[in-house]
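Let's take a look at how some side chains pair up in a protein. Have the sequence and the 3D view open while you read.

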Amino acid sequence: MGEGHLWLDPDRARRAGADLHLAGASVSARRTALGGQIAGASAGRPWGRDDIGAAFDRSYRAYEESLLRAWAGLGRSLERLGTDVVTSVDANVRTDTASGRRLDGVADPRGPQR
């Protein structure tokens, strides 16, 4: 961007959006795999079932659920954002092309300029 102008490289921006979507899919896959292992391991209550273990479990569950929910949400958000970037780039290119055609069709009232 320079001197008040915005320059968009559509191919590069589309690739970046696709990469962002893939990053989100990767985050989601890691959440499914590792998050499932975390939830599975904690379901056995390895900290014990005595009073101290029960107190730990009550506190831990809230944090575990929040972390796993946020992790899943982050993956979905990155995927959506990547898709939205590609959609936005395509819309901008279509708009720019259509505007260019309209401007090309406008006749200069002064006639051809040399």
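Here is a short tour of aromatic pairs and salt bridges in this model, which is predicted.

## Rings that pair up

To talk about two aromatic rings, you give the distance of their centres and the angle of their planes. In this model, the count of aromatic pairs comes to three. One of them joins Phe-56 and Tyr-60, with ring centres 5.7 Å apart and planes at 15° to each other. That pair counts as stacked, because the cut-off for stacking is an angle under 30 degrees.

Where do Phe-56 and Tyr-60 sit? Both belong to helix 2, which covers residues 51-104. They are four residues apart there, so about one helical turn separates them. Phe-56 is partly exposed, with a relative accessibility of 41%. Tyr-60 is also partly exposed, at 23%. Trp-47 joins in as well: together with Phe-56 and Tyr-60, it makes up one aromatic cluster.

## Arg-14 and its two partners

Now for charges. Side chains of opposite charge can pair when their charged atoms come close. Searching the whole structure turns up four salt bridges.

Which side chain does Arg-14 meet in helix 1? One partner is Asp-11, with 3.3 Å from N to O. The two are three residues apart in helix 1 (residues 10-43), so about one helical turn lies between them.

Arg-14 also forms a salt bridge with Asp-90, and here the closest N and O atoms are 2.6 Å apart. This link runs between helices: Arg-14 is in helix 1 and Asp-90 is in helix 2, so the pair ties together parts that lie 76 residues apart in sequence. Is Arg-14 buried, exposed or partly exposed? Arg-14 is partly exposed, with a relative accessible area of 26%, and Asp-90 is partly exposed too, at 25%.

## A bridge within helix 2

Another salt bridge links Asp-57 and Arg-61, whose closest N and O atoms are 3.1 Å apart. Both residues are in helix 2, four residues apart, or about one turn of the helix. Asp-57 has a relative accessibility of 12%, so it counts as buried, the cut-off being under 20%.

Back to the shared partners: Asp-11, Arg-14 and Asp-90 are joined into one network by their salt bridges.

## Putting it together

Try finding these groups in the 3D view. Start with the cluster of Trp-47, Phe-56 and Tyr-60, then move to the network of Asp-11, Arg-14 and Asp-90, and finish with the bridge between Asp-57 and Arg-61.

Notes:
Residues are numbered from 1 along each chain as its sequence is written. This is a predicted model: local features need pLDDT of at least 70, side-chain atom pairs count only at pLDDT 80 or more; totals for chains, interfaces and linings use all residues. Side-chain values use heavy atoms; hydrogens and water are left out. Rings of Phe, Tyr and Trp (its six-membered ring) pair if their centres lie within 6.5 Å; planes under 30 degrees apart count as stacked, over 60 as edge-to-face and the rest as tilted. Buried means under 20% relative accessible area, exposed over 50%, partly exposed in between (1.4 Å probe, protein chains only). A salt bridge is a side-chain nitrogen of Lys or Arg within 4 Å of a carboxyl oxygen of Asp or Glu.
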